[in-house]
Amino acid sequence: MQRLLAHADNHPHRNYVVIFDDLSRFARDVIFHFKLRQAFETRGIKPLCLNFNFDDSPEGEMFEGMVALQNQYHRKNNRRQVIQKMKARLEKGYWPHYPPPGYKQVKDPAHGKILQPHEPQASLIREVFEGFASGKFLSQADVVKFLRATDYSNGPIYQEGVRRLLRRVVYAGYVEREEWEVSRRKGQHEAIISLETFQKVQGKLDGKCRVAVRKSDSLDFALRGFLLCPFCQGALTASWSRGRSKMYRFYRCKSPSCVRFNKSVSGDFVDAEFVKLLQSIYPKPGAIRLAKAVVLELWEHKVGSLEQQQRSLETKLKETRRQVDVLAGRVVKAVDERVISAYEEQIAKYRSEGDLLQERMKGLGVSSVSFETALEVVLNFLENPLVIWEKRDINAKRVVLKLLFAERLAFHPKFGFETALKSPFIGLFEQFATKNSQDVEVGRIELPSESGP
Ligand SMILES: [Zn+2]
């Protein structure tokens, strides 16, 4: 319409007739209708309509206004009905809109339309959330860089898009919409990430907490935190750097006073050297038996404490459920709208707290399983460290590291771990081999503390 008016303005000496097939197509509401009529009049444009006669008499104007008002009503009523339907779907936990990135809408006999993870975006989004929560991505700009290097999208990727993505609870399997007064609730669709991961990311975005837990940085930096700079004895930091076509892993010394300041060694090189180091270690049979006994004892202790945590979470969950019941009872009795909405707000808060507790309990289950796996890993490891190192996931690798090396290792950019072997490096096996059993320092064996929640 703007272009039509501009065209008329550019050709002031011509007389135009504009034809509409239906008066409801003329303008979206009454006010706009008459504004447009006026705009036409000042430009000498004559409107014609197939199902309506424009008539400039006072009666004609009144009739035109009534028709425009009726059209406006139909349009608004339709919109309201559409929104009501969408809202009803949302309240039942369905996503009524166009699917967000990483999902597609599929038809399902039981659910009607339901969201389903859509690859490869879904996996990439999971990687983004988990990487952001774990600190693999330090900023949203890192995420942008990461996504641009993948087949996430054919279009451009901007930081604003990433910011919105990281705020969407739909990926944790929930739905909500504030403008429609639909509070956060469990959705019917499959989650891509856990609620706990989502909350961690929100905390980071809000700047409330810096999450230092890095257990999920996948295979990237198994040796993170275990490497020292041989020149200044400071810790080497691990980071990704972007090459021409892919990302590369590096370890760096970050002590400003060090001769090796900001100089990097390739992650691949460090890993290869570490494998050589493992190859040079041979446990003695007596050491294996003793270490197994110690590990088993520690394991039983750990399981006990996991059960305790589980019980305390259960108690908290029961309490939040009781609070919801109490509040729901009060809502029924309350009369004042404001009081009711205050109660409802609190109920929503307790509900999401309850959801979070449940997620954490699930997480505990997972970590106790992974602890058992870890135990198996340790025991197998004692027979053959290298196999475990090369085949298992990062948690297993951490167990290997903690079990085998009492102290952090210096890594020389040229000589690798060679200097480390000569330095005050005490391997568990050396210790077991040289001392008799009464003198063994049990405290040297530390099981991974990050197995807990
Ligand atoms: Zn250094």
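Reader: Which strands does helix α8 lie across, and at what angle does α8 run to β10?
Author: In this predicted model, α8 spans residues 267–279. The helix lies across β9 and β10. Its angle to β10 is about 65°.

Reader: In what order do the three strands of the open sheet stand?
Author: The pairing in this open sheet is antiparallel. β8 (236–242) and β10 (264–266) each have a single partner strand, so one side of each lacks a neighbour in the sheet. Those two are the edges. Neighbouring strands are turned by 35° against each other on average, direction ignored. The order is β8-β9-β10.

Reader: How many bridges pair β8 with β9?
Author: A hairpin of four residues joins β8 to β9. β9 covers residues 247–253. One bridge partners R242 with M247 of β9. The two strands pair in the antiparallel sense, and the bridges number seven.

Reader: How far does helix α3 reach from its first C-alpha to its last?
Author: α3 runs over residues 58–91, which makes 34 residues. At 1.5 Å a residue, 50 Å is expected. The span in the model is close to that, at 49 Å.

Reader: Which residues of α3 are buried?
Author: Burial here takes 20 or more other C-beta atoms within 10 Å. What covers the buried residues of α3 includes α2 (30–42), β5 (174–177) and β6 (182–186). The buried residues are E64, A68, N71 and L90.

Reader: Which residue just after α3 takes a positive phi?
Author: α3 ends at residue 91. Just after the helix, phi turns up positive, at about 95°. The residue is G93.

Reader: Which helix gives the most to the largest nonpolar core?
Author: This core has 26 residues. V128, F129, F132, V143, Y171 and F198 have the most contacts inside it. Four helices each supply at least two residues: α4 (121–134), α5 (140–148), α6 (159–166) and α7 (195–205). The top contributor, with five residues, is α4.

Reader: What does F198 contact, leaving aside its neighbours within four places in sequence?
Author: F198 is among the residues with the most contacts inside the largest nonpolar core. F129 and Y171 are also in that group. The full list for F198 is F129, V169, Y171, A172 and I193.

Reader: How many residues does the other core hold?
Author: This core lies apart from the largest one. Among its residues are L227, L236, Y251 and L409. Its count is 17.

Reader: What share of the contacts with a separation of 6 or more comes from residues 24 or more positions apart?
Author: The protein has 453 residues, and 21% count as buried. Its secondary structure comes to 14 helices and eleven strands. For residues 24 or more positions apart, the share of those contacts is 58%.

Reader: Where is the pLDDT below 50?
Author: The mean pLDDT is 78, and 79% of residues reach 70 or more. Beyond near neighbours in sequence, residues 208–218 have 19 contacts in the model, with pLDDT below 50. Residues 422–453 have 60 such contacts, also with pLDDT below 50. The stretches are 208–218 and 422–453.

Technical notes: Residues are numbered from 1 along each chain as its sequence is written. This is a predicted model: local features need pLDDT of at least 70, side-chain atom pairs count only at pLDDT 80 or more; totals for chains, interfaces and linings use all residues. The expected span of a helix is 1.5 Å times one less than its number of residues. A residue is buried if 20 or more other C-beta atoms lie within 10 Å of its own, exposed if 12 or fewer, and partly exposed in between; C-beta atoms are placed from the backbone. Two residues are in contact if their C-beta atoms, placed from the backbone, lie within 7 Å. Two strands pair if DSSP finds at least two bridges between them. Axes are lines fitted to C-alpha atoms, for helices over the stretch in contact, and angles run from 0 to 180 degrees between N-to-C directions. A nonpolar core is a set of buried Ala, Val, Leu, Ile, Met, Phe, Trp, Tyr and Cys residues joined through C-beta atoms within 7 Å. pLDDT is the predictor's confidence in each residue, from 0 to 100.
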